[in-house]
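Welcome! Have a look at the structure below, and then work through the short exercises at your own pace.

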Amino acid sequence: MSTLYIVATPIGNLDDFSPRAAEVLNSVSYIACEDTRNSGVLLNRYGIDTPTFSFHQHNEHQKVEHLIQLLDANQPVALISDAGMPGISDPGFLAVRAAHQQGHTVSVIPGPDAATTALVASGLPCDRYVYEGFLPHKKGRQKQLKQLVDEDRTIVFYESPYRVVKLLEELVEYFDENQWAAVCRELTKKFEEVVRGRLKDLLGEFGSRSELKGEFVIVLAPKGYDE
Ligand code: SAM
């Protein structure tokens, strides 16, 4: 029996890496990385030379088996993703479930994630919230949006820079255009930006920008919330 460590990594600022996270990554037999090259930057920075292997959404099913074999052989493994908390819109869930099912210990080393960072930064109600992550690109997208229309908790969406205006257009269409929201961009990074406003105004602002770069979280206040 061994331990699977789930280790959160920074979402942009490499200084947001805890001493305990470094200690665990140094102590395990292997680190399963979403992208070994990306993680190499962080591992180099902290002088961690533990062997790595790739563990991403396209090989996750097959690599879970490998990971469990290592744990069965009494080799502790840590799992990290490119950024933030593994399992949150990133590989992780299958490994954690399998480790539990096989009787191994699972230990999470907490750290940054974009959803709660944006939620708190938004200044919108954060006592109750729903994490939606990425909406499906095509099939099921409209259905999912329709199901959310009467949600009375704050909703957190992840979106790529290529679709962020499309998502704002859809939110204006499906929800009340006066509903409060926040667009959180490049959190913890040099060009961090949190723009709050009513949906129609956010669409005006981001729709008129000539270029949208970086990583985005959209936080939508509950129906009926006003300030
Ligand atoms: N596991 C990550 C977490 O814990 O938040 C999420 C990984 S997901 C593949 C990547 C998405 O997270 C981005 O498209 C963006 O929506 C959001 N994200 C990650 N880092 C961010 C940042 N620094 N600022 C804003 N959004 C970010």
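**Where the ligand lies**

Domain 1 (3–109) and domain 2 (114–220) both contribute residues to the shell around the ligand, so the ligand lies between them; the domain bounds come from an automatic or database assignment. This is a predicted model, in which local features need pLDDT of at least 70, side-chain atom pairs count only at pLDDT 80 or more, and totals for chains, interfaces and linings use all residues. Residues are numbered from 1 along each chain as its sequence is written, and side-chain values use heavy atoms, without hydrogens and water.

**Exercise 1.** Find which residues are closest to the ligand.

*Solution.* Start with the shell: 18 residues surround the ligand, each with a heavy atom within 4 Å of it. Next, pick out the closest, which are Met 85, Ile 88, Asp 90, Tyr 158 and Phe 216.

**Exercise 2.** Find the ligand atoms that pair with backbone N or O atoms of Ile 88, Ala 114 and Phe 216.

*Solution.* We look for polar contacts with the ligand (pairs of N or O atoms within 3.5 Å). First, Ile 88 has a backbone N or O atom 2.8 Å from a ligand nitrogen. Then turn to the ligand's oxygen atoms: a backbone N or O atom of Ala 114 lies 2.8 Å from an oxygen, and one of Phe 216 lies 2.6 Å from an oxygen.

Technical notes. A polar contact is a pair of N or O atoms within 3.5 Å; within protein, one must be able to donate a hydrogen and the other to accept it, and residues adjacent in sequence count only if both atoms are side-chain atoms.
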